[in-house]
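Welcome! Please open the structure in your viewer and get your selection tool ready. We will go stop by stop.

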Amino acid sequence: MDWGMKNRLSQLIKPDGHCMFMPIDHGYFQGPTTKLEKPGETIKPIIKYCDALFVTRGVLRSCIKPEDSKPIILRVSGGTSVVGGDLANEVLTTSIKEALRLNVAGVGLSVFVGSEYEKQTLNNLAQLVNECEDYGIPVMAVTAVGKELEKRGSRYLGLCCRIAAELGAKVVKTYWCDDGFDKVVAGCPVPVVMAGGPKVETDKEVLEFVHDGMQKGAIGINLGRNIWQNPNPVAMVKSLHAIVHKKATVKEAVEIFEDTKNKG
Ligand code: 5RP
């Protein structure tokens with residue numbers, strides 16, 4: 001692997017082999033998502049616990065200070081919206097020239113396996129990898145399901161992750177699942193990072209699934225709504241950081257959560 005690629009990957013994946021990415025890219029198809037109306041304000045108290053930000057160029061330029069930023073994974077796919085025809089109908093929205101201009105550590109795009117736009121989105125990934133390899137930029141593939149959240153089972157996710165890795169993604173972001181997440185990770189030859197999905201019912205549930213996923217081989221998380229939509233975002237991000245980077249158990253993470261919450 002060339003120096004540039006290694007250097008960028010090492011900005012994203014820490015020496016312990018783990019990572020905490022903070023996605024604030026939701027607006028590219030959801031508009032002003034709850035608690036992400038002002039992304040710069042949302043991330044202020046939590047960003048220090050994260051290793052990288054997953055963000056579009058628009059929010060990056062308008063809300064994030066270049067002098068004071070974590071490494072950036074630039075969201076480079078889009079072109080759809082929650083009120084449009086099909087969330088899967090994504091194209092590449094952002095050039096490699098733009099990624100280089102923004103000095104990003106990586107780029108990310110969604111693939112929609114099994115959708116009407118499977119071929120188009122997988123071709124987006126393949127073409128992006130072709131270009132990014134020339135410049136030493138790692139590509140993170142997001143195995144997206146759009147509104148079809150019920151798709152998130154191990155057979156489907158295993159298929160998506162493997163295809164994304166085969167097409168050249170350096171990291172694959174996918175959902176945790178309770179029916180064989182270890183098989184999803186085992187079938188993917190590149191590191192797997194867990195996405196969060198819509199906010200779950202209890203705080204402990206988040207800590208439990210992240211802990212379970214880490215035990216089953218994920219290298220980290222890319223969790224957004226379950227952190228910044230939590231009424232106690234700092235407590236949540238701190239306890240997740242302890243699981244991801246400090247090998248905390250669920251019990252220890254709950255203690256960190258309660259302690260941080262009580263201290264306000
Ligand atoms: C949106 C994304 C988000 O980065 C991803 O969904 C993670 O955020 P959350 O934990 O809120 O689901 O790729 O398409």
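Start by selecting Asp 203, Val 206, Leu 207, Val 210, His 211 and Met 214 in helix 9, which meet Met 236, Ser 239, Leu 240, Ile 243 and Val 244 in helix 11. Keep in mind as you look that this is a predicted model. Colour these contact residues by type and you will find eight nonpolar, two polar and one charged.

Now show both helices whole: helix 9 covers residues 203-215 and helix 11 covers residues 233-246. Their axes come within 10 Å and cross at roughly 20°. Angles under 35 degrees count as roughly parallel, so helix 9 is roughly parallel to helix 11. The crossing here is right-handed.

Next, keep helix 9 on screen and add helix 12, residues 250-263. The axes of helix 9 and helix 12 are 10 Å apart, and the packing angle is about 140°. That angle makes helix 9 oblique to helix 12. This crossing is right-handed.

Which residues of helix 9 meet helix 12? Select Asp 203, Lys 204, Leu 207, Glu 208 and His 211 in helix 9, then Val 250, Ala 253, Val 254 and Phe 257 in helix 12, their partners in this contact. The residues of this contact divide into five nonpolar, one polar and three charged.

For the last stop, move to the ligand and select the 15 residues around it. Pro 23, Ala 195, Gly 196, Gly 224 and Arg 225 come nearest. Colour the shell by type and you will see six nonpolar, seven polar and two charged residues.

Key: Residues are numbered from 1 along each chain as its sequence is written. This is a predicted model: local features need pLDDT of at least 70, side-chain atom pairs count only at pLDDT 80 or more; totals for chains, interfaces and linings use all residues. A residue is near a molecule or strand if its C-beta atom, placed from the backbone, lies within 6 Å of it. Ala, Val, Leu, Ile, Met, Phe, Trp, Tyr, Cys and Pro count as nonpolar, Asp, Glu, Lys and Arg as charged, and the others, Gly among them, as polar. Axes are lines fitted to C-alpha atoms, for helices over the stretch in contact, and angles run from 0 to 180 degrees between N-to-C directions. Helices (H or I, at least four residues) and strands (E, at least two) are DSSP runs, numbered from the N terminus. Angles under 35 degrees count as roughly parallel, over 145 as roughly antiparallel, 65 to 115 as roughly perpendicular and the rest as oblique. A crossing is left-handed if the near helix is turned anticlockwise from the far one by less than a right angle, and right-handed if clockwise. Two residues are in contact if their C-beta atoms, placed from the backbone, lie within 7 Å.
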